[in-house]
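Please open the model in your viewer and keep the sequence panel visible. The tour below proceeds by selection, one stop after another.

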Amino acid sequence: MTGNVVIRLHSVGLQYASTVALADVSLEIPARQMVGLIGPDGVGKSSLLALIAGARRLQAGGVEVLGGDMANAEHRRLTGPRIAYMPQGLGKNLYATLTVRENLEFFARLFGQERAERERRIADLTRSTGLADFTERPAGKLSGGMKQKLGLCCALIHDPDLLILDEPTTGVDPLSRSQFWDLIARIRQQRPDMSVLVATAYMDEAQRFDWLVAMNDGQVLDTGTPRALLEKTRCSSLEEAFVALLPTEKRRGHRQLTIPPRPANDDIAIEAHGLTKRFGNFTAVDHVDFRIERGEIFGFLGSNGCGKSTTMKMLTGLLPFEEGEARLFGQAVDPNDIESRRRVGYMSQAFSLYSELSVGQNLDLHARLFHMDAADYRTRRQELLEQFDLQDVIDALPSRLPLGVRQRLSLAVAVLHRPEILILDEPTSGVDPVARDNFWTQLVKMSREDGVTIFISTHFMNEAMRCDRISLMHAGRVLASDTPQALQETRGADTLEQAFIAYLREASQAPDTAADSTPPQAPPAAAPAGADTPPPRFSRRRLLSYARREGMELRRDPIRATLALAGTLILLFIMGYGITMDVEDLSFAVLDRDQTTTSQHYILNLSGSRYFEEQPPLQSYADLNARLRSGDISLAVEIPPGFGRDLKRGASPQVAYWIDGAMPSRASTIQGYAQGIHNAYLQELARNTGVSDAGAPVDIALRYRYNPDVQSLPAMVPAVIPLLLMMIPAMLTALGVVREKELGSITNFYVTPVTRLEFLIGKQLPYVAMGMVNFVLLIVLSIVVFGVPVKGSLLVLTLGALLYVMCATGLGLLISSLFNSQIAAIFGTAIVTLVPAIQFSGMTHPVSAMEGVSAIIGYLYPTSHFLLISRGVFSKALGLLDLYPYFLALLVTIPILGALSILGLKKQER
Amino acid sequence: MNAIANILHLGFKELRTLFRDPAMMVLIVYSFTLSIHSSATGIPESPYRATIAVVDEDRSPASQRIIDAFQAPYFLEPVLTNHAEMDAGMDKGRYTFTLNIPPDFQRDLLAGRSPAIQLNVDATQVSQAFSGAGHIQQIVSSEVATFLSGYAPDASPPVQAVVRTVYNPNLYQSWFGAINAVINQITMLSIILTGAALIREREHGTIEHLLVMPVTPFEIMSAKVWSMGLVVLVAAALALHFIVEEWLDVPITGSVALFLLGTTLHLFATTSLGIFFGTVARSMPQLGLLIILTLMPLQVLSGGMTPRESMPELIQNIMLAAPTTHFVMLGQSILFRGAGLAIVWPQLLALVVIGAVFFAVALSRLRKSLG
């Protein structure tokens, strides 16, 4: 460890477009301490943490972490394994389809842990955080608080020297919160060298820290121990000190909140009886009853995952329930009742507004959807922007805003249409103390003055104290319901928090969680393998960790695998049968103005051919024009009056052929057929009249090589297989990286030692495997079902397919690393695969026949090469010796695509 | 009234979202400009720059005459070779066609012994193989005839065939290619845009938010249909004018307005299809696959790539349920053959029916998946 300073910042600045996130921050953070970062929402705490963790690219100034410069990629590589970073947001860096255990195993493997060590650590961490019973549950199915715990476990899996936590306890229930800090305290005991840096909105937590950094507006206001800060501001609590530290204008309007008594009201606003919700055999909400009076502020408290959010969703009609009844203002909840939605304002736990619309646009959209009067809305908008302190961010995109500000926006939207009932699911999680007080002022005003019924869930005890009544929920059941004071008295507790924890412990029948009594058995000396030896530049384990994760996700999604496999088979089927180059059954009609046996004889030549199918005869030129125009016929033949007579006289009559040229390839085929049939007629004529000697002057023997019977299937199958093996693997891979970008788990790539190459290859491997399975199925189908044999070596074809699938997945990955949204990646993949593979790769027209851009694409595109390999092996029995140039071409393409993907992928967020 | 206002506002929201994604805008612009241009000019005229090798065992004026007749741009310069080379060259795909002129060809020809020329065609080069073979036979016969007539001048044949091609007299592939590319892009973009817009709402949780507001699934769906449809319609109209008419110089015979009406109906069906996919797929990766699996047959089997009448009857009938089939017919009729409403109404009607069915099915799926 380097001296007493773990992090040194000099003149750090950071800008997003025109907004300044950090302005000239200089700071030295002491090592081996628990350091808290406090400050209002949106002052740059998260940005600062991301810079320190190396997740975000440094713009100005210097950041020195663990004795090295974080702008230096080599230093980041070396220190990466010593830093653990848990980003803000409910489980943003977790993988929703993977279970708790699989998520933990993924991170453990990234840090190169052996099986035994992994197992021990996972058991340890899940036990201390109360996740032990949920290890087999997918992360996406966890409640918000449980996701936070899992996120922390993932961060702690590798004994870091520097632990960076961005609001780790936001949305975590009090019991878990205390377990959480106990856990960190124990880890620190065993690893006294570890430094911890935490951003938090809970002042009671900050109170326990060793050293605090107070921030505002991208700048550091003050630093020091909590005690020093209290003395300096002459405040009794940190919550007050925090307010006192703020510049005066930020404190504007902040005063102690007083709640006027509630006038009695017998009107029942929300009522639930025996409300029950089951997910499979798991009962999320178990016969819950409550009655909430009009104008009441009703609090909902409970441990994470106890069913609070589920209950709220059932009341809004978002979730159907199995048993019981729920009534709003005496009316049963009906998800299809549009009118009742106007009376309810709902705010969900996770941010659910449009992150691609600005703050102002989000408000506008909701006002319009609620059909608010324009004039009324103008004043309402201004009012809300002021109340929730959103004036400065009107044009900002929510995705760029900190959690606290986003929560304020969600609230503003929820109350916008002046609902009579407000259902708020942890609305103040992650919101700073001042904003929280302001918000409660609004709630109290709405409840007391306008009679709005407020149903709110929270983990803040001081907020719970402000409710008229609260319900304590645990494991789907309501434990107790009363005024906060009464609950406290019943348990004989000093604080509501103590009462709450007592209730929970009783309910879970654990006098003391096992975790609290048994310290983790981590042998600190042997554990941190990564701390002394630098991480390898290339690690097979890290690569496989990503490959395994990707593979699991693919396996968890049987629909995707089925689509990929069954879809290709069906496509081979319909395209193999459907595409025929052999144009047949062309419709034609005749305008016979001669009507003699001679003319009919001439027509017979045409209608007797397998290429043409005769339609009802044409009546006139107008008819001829109309039927050609309508596409009813593609060839019209006109036989002139006096055809028979002229023929006999040797006057060389002219038969006119009118061909529909709208589809040129069909037209030229018709042209050829018509000429041929006409010539045949002439020869027949010559033979019959004996004018000329028998036979044509030259006999052209036509032989179709490789497919003598000119069957469609043997021609098409070897061409369709390359097509399918390009599109499906490319599309499967194309979302691999961009999906992580869009959903947030890309942070793991930024802050763990995994390299770009490992990341990309790891992502690619499962899809290469899948592509090969696909290939085998296609080959079996073509041999067994279609009876199209592989004339050459199956091994050569398989080798070619392997290289080709690597190209296809590589192309998908390239697109994935270049784009930032999934839609763009899908569209981009469709563009770069469909047209080049179908049109430019020689499926219908050989590449040699192309010119210009299409020829360049054709020569470079992998499908062109594999098409030649496929046709060569399938139809011509060619071997590696004949086909090696195409193998070489594919072989060269793979590293080029890989290198481009690496260039397109950034190891840090910009 | 409220419903219409909701549909309108939600639609504006969709447009805003789309315009916020610069990568998507670039891709849309590309797909309606350069992509159309390159696929229009990329399809060679058939046969075009075909590779041919000749084994000339006669080396006479007659055989030379035949060889000289293979000219650019239809053929690359014929390669003179021997038997062994010829087979190897065909195996490697170097030559699509090989012609074997036997010894004493000219002598036999003049003696009226009808000598045989062997024409080998690489049948794996599907489209070029079939049309090219006919073309080569034509060339050989006519050269032989001219050669012979030089010795024994002959009168015109007893019957003459006068072949005229209408609507595209010179059979420029690019005309057809351009329109076909526009049609393909319309289908592709509209399905992707609406499908992805729905999945996006689900993945970001915003759909939940919409559902607690006084908004019905019908309004949510209609908003996506009109807004995304409009984007594609505008892009298609611009592409048709600036890329197809101006840049590629394709004369458009019929009424563009009528074509755009058809496009609108087609978009009604494809955007509904996109929504349907959005309700079937649980995530973007699934959607991506579904889209690819649908787009491929739509592009290949709608009659835009190969003529419908040559497909097996079963496939022809199945493809009648696809809006693209009718749209391709309609596009060709209007834009090339100048067909009016009187001729294309069956296609328009088919599009309306298909669109209505798709919309209704997608809506009921959406209701179920949201309820």
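Is A:Q619 buried or exposed? Select this residue to begin, and bear in mind throughout that the model is a predicted one. A:Q619 is exposed, because its relative accessible area is 63%, and a residue counts as exposed when that value is over 50%. To find its setting, select the loop of chain A between β22 (612–614) and α25 (621–629), where A:Q619 is located. Next, add A:P617 to the selection: its backbone oxygen is 3.4 Å from a polar atom in the side chain of A:Q619. Finally, select A:P30, which is 589 residues away from A:Q619 along the chain; a distance of 99 Å separates the two C-alpha atoms.

**Second stop: an open sheet in chain A**

Select β2, β1, β4 and β5 of chain A. In that order, these four strands make up an open sheet with antiparallel pairing. Its edge strands are β2 (19–30) and β5 (68–69), each of which pairs on one side only. Now restrict the view to β4 (residues 60–65) and β5(A): the two run antiparallel and are joined by two bridges. One pair to display is A:E64 with A:D69, its bridge partner in β5(A).

**Third stop: the annotated domains and a helix**

An unreviewed UniProt entry lists "domain: ABC transporter" for residues 7–242 and 270–500 of chain A. Colour residues 7–242 of chain A: this span is 38% helix and 26% strand, and its end C-alpha atoms are 23 Å apart. Then colour residues 270–500 of chain A, which are 38% helix and 27% strand, with 24 Å between the end C-alpha atoms.

Select helix α16 (residues 433–450) of chain A next. How far apart should the ends of its 18 residues be, at 1.5 Å a residue? The expected span is 26 Å, and the end C-alpha atoms are 25 Å apart, so the two values agree. Of the 18 residues of α16(A), 13 are buried, which leaves the helix mostly covered. At its N-terminal end, show A:D432, which caps α16(A) through a side-chain oxygen 3.1 Å from the backbone nitrogen of A:V434. After the helix comes A:G451, with a positive phi near 70°.

**Fourth stop: a sheet built from two chains**

Select β25(A), then β4(B), β3(B), β1(B) and β2(B); these five strands form an open sheet in that order, with mixed pairing. At the edges stand β25 (699–705) of chain A and β2 (79–80) of chain B; each has a single partner strand, so one side of each has no neighbour in the sheet. Where the chains meet in this sheet, β25(A) pairs with β4 (residues 116–122) of chain B in the parallel sense, over seven bridges. Display A:R703 and its bridge partner in β4(B), B:N120.

**Last stop: annotated regions and the core**

In an unreviewed UniProt entry, the "transmembrane region" feature is placed at several spans of chain A, including 794–816 and 823–842. Residues 794–816 of chain A are 100% helix, with end C-alpha atoms 32 Å apart. Residues 823–842 of chain A are 90% helix, and their end C-alpha atoms are 29 Å apart.

Which residues touch the most other members of the largest nonpolar core? They are B:F32 and B:M296, in a core of 141 residues. Helix α28 (residues 712–743) of chain A gives the most to this core, with 17 residues. To finish, select B:M296 and display its contacts beyond its sequence neighbours, among them A:L571, A:M575, A:L723 and A:I838.

Technical notes: Residues numbered from 1 in each chain as written. Chains lettered and ligands numbered in written order. Predicted model: local features only at pLDDT ≥ 70, side-chain atom pairs only at ≥ 80, totals over all residues. Heavy atoms only, no water. Buried < 20%, exposed > 50% of the residue type's maximum accessible area, 1.4 Å probe, protein only. Polar contact = N/O pair within 3.5 Å; in protein donor to acceptor, adjacent residues only side chain to side chain. Core = buried A, V, L, I, M, F, W, Y, C linked by side-chain atoms within 4.5 Å. Contact = heavy atoms within 4.5 Å. UniProt positions renumbered as here; feature names shortened; annotations may be inferred. Expected span 1.5 Å × (residues − 1). Pairing = 2+ DSSP bridges. Lists of a residue's contacts leave out its neighbours within four places in sequence.
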